[in-house]
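Colleague: Please pick one part of this model and take a close look at it. Then go on from there to the rest of the chain, at a pace that suits a first-year student.

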Amino acid sequence: MQEKLIILKKLQDIDQGLNDVRRQLSVLESEAEELTAERGRVEGMATTLGEELAGLETQLSELDCSLSIEQDNVGKAEGRLPAIKTQKEYVAVLKEIDTAKKVNKEIQDKIKNKNEEIAAIAAEKAEKDAELAEVSARTAERAALIQAQIDEIKANTSARETERKELFAQIPPQLGKRYQVLIERRNGVAVVIAHKGACTGCNMLLPPQLFNNLYTTREILSCPLCSRLLYVGEG
Ligand SMILES: [Zn+2]
């Protein structure tokens, strides 16, 4: 087997290994992204509930404020009663007090409902916060493991990448390009053995002359169908 083909074969072994590594990395990276998204979803729900709760509490404090104004009005009207001279005026003030008390009652009912609503949302938020804590802990633990695996894989591949560069530098640039194009277009297999007169890349039976030439030529020959670079077994 020619020296250049031996180099290309080694290069191909490294490239196939690196491709496997890239696949592993992409699986790990997408799992890491899913974990981040999962945590983000729960966090988003907890935040929405928190905002809803804050809105309800603002409404409650507005109701409390209205109630104290109305109660004040009742107190003032009742305070005016002893000084009233006429029956007509007395009846008018009593009516005013009565109306204000009705308004108070309505506000108190609203406050009661608002408090119930707040309690329900607060319970829901507490549940979501607990879920967030659980998801955060779980995803952080898994993400750390994934990151450790990614780091380890990257550390292991850097030596192979260096070796690849060194091998690639040893072949003529034109041949390097041919190899690179084939690796990309032929599913990571650019160099194949010709066996029993056929290309083992695409299984096409090679023209006999081409097959014979493989044993004698110093040129690098390609399969006429799949263009893969061919070599023959020794002996
Ligand atoms: Zn072929």
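**The zinc site and its surroundings**

Modeller: C199 is buried, and C223 is buried as well (buried is under 20% relative accessible area, exposed over 50%, partly exposed in between, with a 1.4 Å probe and protein chains only). The model is a predicted one, in which local features need pLDDT of at least 70 and side-chain atom pairs pLDDT 80 or more, while totals for chains, interfaces and linings use all residues. Residues are numbered from 1 along each chain as its sequence is written, and side-chain values use heavy atoms, without hydrogens or water.

C199 and C223 both hold the zinc ion, together with C202 and C226; each of these residues coordinates through its SG atom, at 2.3 Å (donors are N, O and S atoms within 2.8 Å of the metal, or 3.2 Å for Na, K and Ca). Because the angles between the four donor atoms run from 104 to 112°, the arrangement is tetrahedral (all angles between 85 and 135 degrees). Along the chain, the donors are spaced as C-x2-C-x20-C-x2-C. The pair C199 and C223 links distant parts of the chain, 24 residues apart: C199 sits in strand β2 (residues 198-199), and C223 in the loop between α4 (208-216) and β3 (helices are DSSP runs of H or I with at least four residues, strands runs of E with at least two, numbered from the N terminus).

N203 is in the loop between β2 and α4. Its phi is positive, about 70°, although N203 is not a glycine. Most residues other than glycine have a negative phi. N203 has 62% relative accessibility, so it counts as exposed. N187 also has a positive phi, near 55°, and is not glycine either. The place of N187 is the loop between α3 and β1 (191-195), and its relative accessible area of 74% makes it exposed.

Now the packing. The largest nonpolar core (buried Ala, Val, Leu, Ile, Met, Phe, Trp, Tyr and Cys residues joined through side-chain atoms within 4.5 Å) has 17 residues, of which L5, L8, Y179, V191 and L229 touch the most other members. At least two residues of this core come from each of α1 (3-80), α3 (173-185) and β3 (229-232). The largest share is that of α1, with six residues. Leaving out residues up to four places away in sequence, L5 touches V191, I220, L229, L230 and Y231 (contact means heavy atoms within 4.5 Å). Apart from this core lies another, of 12 residues; C199 and C223 are among them, as are L221 and V232.

Last, the helices. Helix α2 (residues 87-169) has 83 residues and should span 123 Å at 1.5 Å a residue; its end C-alpha atoms are 113 Å apart, which agrees (the expected span is 1.5 Å times one less than the number of residues). A kink of about 25° in α2 is centred on T157 (the bend is the angle between axes fitted to the seven residues ending there and the seven starting there).

Q108 belongs to α2 and, at 37% relative accessibility, is partly exposed. Beyond four places in sequence, Q108 touches L67 and Q71. L67 is 41 residues from Q108 along the chain, yet their C-alpha atoms are separated by 7.3 Å. R22, in helix α1, is partly exposed at 44% relative accessibility. The C-alpha atoms of R22 and I153 are separated by 9.3 Å, with their positions 131 residues apart along the chain.

Definitions and conventions. Four donors count as tetrahedral if all angles lie between 85 and 135 degrees; four count as square planar and six as octahedral if opposite donors are over 155 degrees apart and all others between 65 and 115; anything else is irregular.
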